[in-house]
Amino acid sequence: MDAWLGALPGGLDARQIPAATLARRHPAPKLCGRAARAEGTAPLCYADLVMTVDHATAPAIDSEVLDALQERMERIIAGDSPNAGRFCGYCYARLDLEEQRCPVCGRSTLDVTPVARIPRDALRVYNAHRRKMRLWVNLFAYLGILLAVLLFIVMIVFLPNPWVWFSVPVLFFGSWYLANLLGGGLGAYLGGRQGVPLRAARWRELLERRAAGENLDT
Ligand SMILES: [Zn+2]
């Protein structure tokens, strides 16, 4: 790898680029399929080099790790996926039996020892986001249904026969449409706005406790 590291413009050594910068440019190591090009003698562009270096060394930044794992953690919280097996010792992503590098955070199992189950407090990090999201999505979905019912009543009161019969499909289709529109749109937006920083704060607390040597399972 050293032979092509010198190809950076301006004599810049890729190893001097902060890991966070590399991760920001190419946050998902598992998506990088171009690392193999580094083995050839063809000149590499800066992006190739950054990707390859990132793929090899730089961990993904935590906000993207948390986003990537939210759905999987929710399945475990709901009991749809077992909390047993082999998990990354840093981010708790599930690892295959022989996997030596976490596909989500990019850390090597040599640096961070895998664990057999995800600590309850780590699942609570994701549950904080889930609860905020559910609260706002449900709230706005019910608001959508309420608006459809109000529209239905207005149509019943003001429309003459036979137009008044249009109020029935408006009630059923409208409540479904407005619930999805408001719940999935505005509700999800507000849920994310509150859930993401809350989850990040809980994650930082967890990292601090882990760094202090606390056993999270007790
Ligand atoms: Zn990981």
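Which residues have the most contacts inside the largest nonpolar core? They are C88, C91, A93, C102, V104 and C105, and the legends below start from an overview and come back to them. This is a predicted model, in which local features need pLDDT of at least 70, side-chain atom pairs count only at pLDDT 80 or more, and totals for chains, interfaces and linings use all residues. Residues are numbered from 1 along each chain as its sequence is written.

**View 1. The whole chain, built from helices.**
The protein chain has six helices and zero strands, so let us say how these are assigned: helices (H or I, at least four residues) and strands (E, at least two) are DSSP runs, numbered from the N terminus. From the N terminus on, the elements read α-α-α-α-α-α. Of its 218 residues, 25% count as buried. Here a residue is buried if 20 or more other C-beta atoms lie within 10 Å of its own, exposed if 12 or fewer, and partly exposed in between, with C-beta atoms placed from the backbone. Two residues are in contact if their C-beta atoms, placed from the backbone, lie within 7 Å. Among contacts with a separation of 6 or more, 69% come from residues 24 or more positions apart.

**View 2. Helix α4 and its bend.**
Helix α4 covers residues 62-77 and bends by about 45° at Q70. The bend at a residue is the angle between axes fitted to the seven residues ending there and the seven starting there. V65, L66, L69, M73 and I76 are buried in α4. An α-helix has 3.6 residues a turn, so residues three or four places apart point the same way. The buried residues of α4 pack against α5 and α6. E71, also in this helix, counts as exposed because it has 10 C-beta neighbours inside 10 Å. Its C-alpha atom is separated by 9.2 Å from that of R130, 59 residues apart along the chain. After α4 comes G79, with a positive phi near 85°.

**View 3. The largest nonpolar core.**
A nonpolar core is a set of buried Ala, Val, Leu, Ile, Met, Phe, Trp, Tyr and Cys residues joined through C-beta atoms within 7 Å. The largest one has 21 residues, and C88, C91, A93, C102, V104 and C105 have the most contacts inside it. The elements that give two or more residues to this core are α4 and α5, and α4 gives the most, with five residues. Domain 2 (73-118) and domain 3 (120-211) both contribute residues, so the core lies between them; these domain bounds come from an automatic or database domain assignment. Apart from this core lies another, of nine residues, among them W136, V137, F140 and A179.

**View 4. Y92 and A116 in the loop between α4 and α5.**
Both Y92 and A116 sit in this loop. Are they buried or exposed? Y92 counts as buried because it has 26 C-beta neighbours inside 10 Å, whereas A116 is exposed, with 9 other C-beta atoms within 10 Å. The two are 24 residues apart in sequence and 9.5 Å apart in space, C-alpha to C-alpha. Leaving aside neighbours within four places in sequence, A116 is in contact with A84 and R86. Y92 has a positive phi of about 70° although it is not a glycine.

**View 5. Helix α5 along its length.**
The 39 residues of α5 should span 57 Å at 1.5 Å a residue, and its end C-alpha atoms are 56 Å apart, which agrees. That expected span is 1.5 Å times one less than the number of residues. A kink of about 30° is centred on Y126. The buried residues of α5 include Y126, H129, K132, W136 and F140, and its buried residues pack against α4 and α6.

**View 6. Helix α6 and the loop before it.**
The loop between α5 and α6 holds P162, which a cis peptide bond joins to N161, with omega about 0°. In α6, a kink of about 30° is centred on G187. Among the buried residues of this helix are G174, G183, G187, G191 and G195, along with R199 and W203. The buried residues of α6 pack against α4 and α5. Just after α6, G213 takes a positive phi of about 90°.
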